[in-house]
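Hi there,

Here is the structure I said I would pass on. Have a look at it first, and then read my notes underneath.

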Amino acid sequence: MNYKEKIGTKENPLLLKTPPLSSEYTMHVDIKNDREVLVCTVGKTILYYDISIIEDLYQMLLEHGDWMFLGSKDEKVEAKPDTVEFWGRAADNPIGGWYGLRKGFRGRVGMYIPPLLEALGYAAVEHNKRNNRMRAIKR
């Protein structure tokens, strides 16, 4: 099974929990504007992420070589450098900016993407109340 099948569809999405294990949300793969995207549903809020974030974040974590803080922030809040959130919106990441695709909801990469990589077996994620980190698991 490839990772897209494991993530699921709108009818059968992958159920995940935020890093502190305090909230549930779903993730699935879909097509939006003729491109494949990750659809993250948190209650009634829907966020879209460029699906390339899976491989790109995994590769960055491999190169980083150690634990990295998640640093989850909303789009309007500046992200702390050297965090997953900062990387997910940085001009020097592989797509040259935001992996989040819905204006006003482009942030929270550090909240919703790490548990997905953990579920796929790409990363280890801490599950503390705050200041969680992640690191790549070599495949």
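**Rings and charges**

Let's start with a lysine: K32 lies over the face of Y48, with 4.7 Å to the ring centre. Something similar turns up at Y122, where R139 lies over the face of the ring, at 3.9 Å from its centre. Do keep in mind as you read on that this is a predicted model.

Y122 is worth staying with for a moment. Is Y122 buried or exposed? Its relative accessibility is 5%, and buried means under 20%, so Y122 counts as buried.

Now for the aromatic pairs, of which the structure holds four. One of them is Y3 with Y122, an edge-to-face pair with 6.2 Å from centre to centre and 80° between the planes. This pair links distant parts of the chain: Y3 belongs to helix α1 (residues 3-7), while Y122 sits in the loop between α4 (109-119) and β6 (123-125), 119 residues apart. Y58 joins in as well, since Y3, Y58 and Y122 form one aromatic cluster.

Another pair is W87 with Y99. Why is this pair called stacked? The ring centres are 5.0 Å apart and the planes are at 20°; planes under 30 degrees apart count as stacked, so the pair of W87 and Y99 is stacked. W87 lies in helix α3 (residues 84-87) and Y99 in the loop between α3 and α4, so the pair ties together parts that are 12 residues apart in sequence. Both partners are buried: W87 has a relative accessible area of 11%, and Y99 is at 0%.

**Helix α4 and its partner**

Next, have a look at α4. How many of its 11 residues are buried? Nine of them are, so α4 is mostly covered. The buried ones are V109, G110, M111, Y112, I113, P114, P115, L116 and L117. After α4 comes G121, which has a positive phi, near 80°.

Which way does α2 run relative to α4? The axes of helix α2 (residues 53-64) and α4 come within 11 Å and cross at roughly 90°. Angles of 65 to 115 degrees count as roughly perpendicular, so α2 is roughly perpendicular to α4. On the α2 side the contact is made by I53, I54, L57, Y58 and L61, and on the α4 side by V109, I113, L116 and L117. Sorted by class, this contact has nine nonpolar residues, no polar ones and no charged ones. You'll recognise Y58 here from the aromatic cluster with Y3 and Y122.

**Two buried loop residues**

P19 is in the loop between β1 (14-17) and β2 (24-32). At 1% relative accessibility, P19 counts as buried. Leaving out residues up to four places away in sequence, P19 touches L70, G110, M111, P115, V125, E126, H127, N128 and N132. G110, M111 and P115 are also among the buried residues of α4. The C-alpha atoms of P19 and E118 are separated by 9.9 Å, although the two are 99 residues apart along the chain.

The other one is T83, found in the loop between β5 (68-69) and α3. T83 is buried too, with a relative accessible area of 4%. What does T83 touch, not counting residues up to four places away in sequence? The list is M68, F69, L70 and G71. From T83 to I31 there are 52 residues in sequence and 28 Å in space, C-alpha to C-alpha.

Enjoy exploring!

Definitions and conventions:
Residues are numbered from 1 along each chain as its sequence is written. This is a predicted model: local features need pLDDT of at least 70, side-chain atom pairs count only at pLDDT 80 or more; totals for chains, interfaces and linings use all residues. Side-chain values use heavy atoms; hydrogens and water are left out. Rings of Phe, Tyr and Trp (its six-membered ring) pair if their centres lie within 6.5 Å; planes under 30 degrees apart count as stacked, over 60 as edge-to-face and the rest as tilted. Helices (H or I, at least four residues) and strands (E, at least two) are DSSP runs, numbered from the N terminus. Buried means under 20% relative accessible area, exposed over 50%, partly exposed in between (1.4 Å probe, protein chains only). A charge sits over a ring if NZ of Lys or CZ of Arg is within 6 Å of the ring centre and within 35 degrees of the ring normal. Axes are lines fitted to C-alpha atoms, for helices over the stretch in contact, and angles run from 0 to 180 degrees between N-to-C directions. Angles under 35 degrees count as roughly parallel, over 145 as roughly antiparallel, 65 to 115 as roughly perpendicular and the rest as oblique. Contact means heavy atoms within 4.5 Å. Ala, Val, Leu, Ile, Met, Phe, Trp, Tyr, Cys and Pro count as nonpolar, Asp, Glu, Lys and Arg as charged, and the others, Gly among them, as polar.
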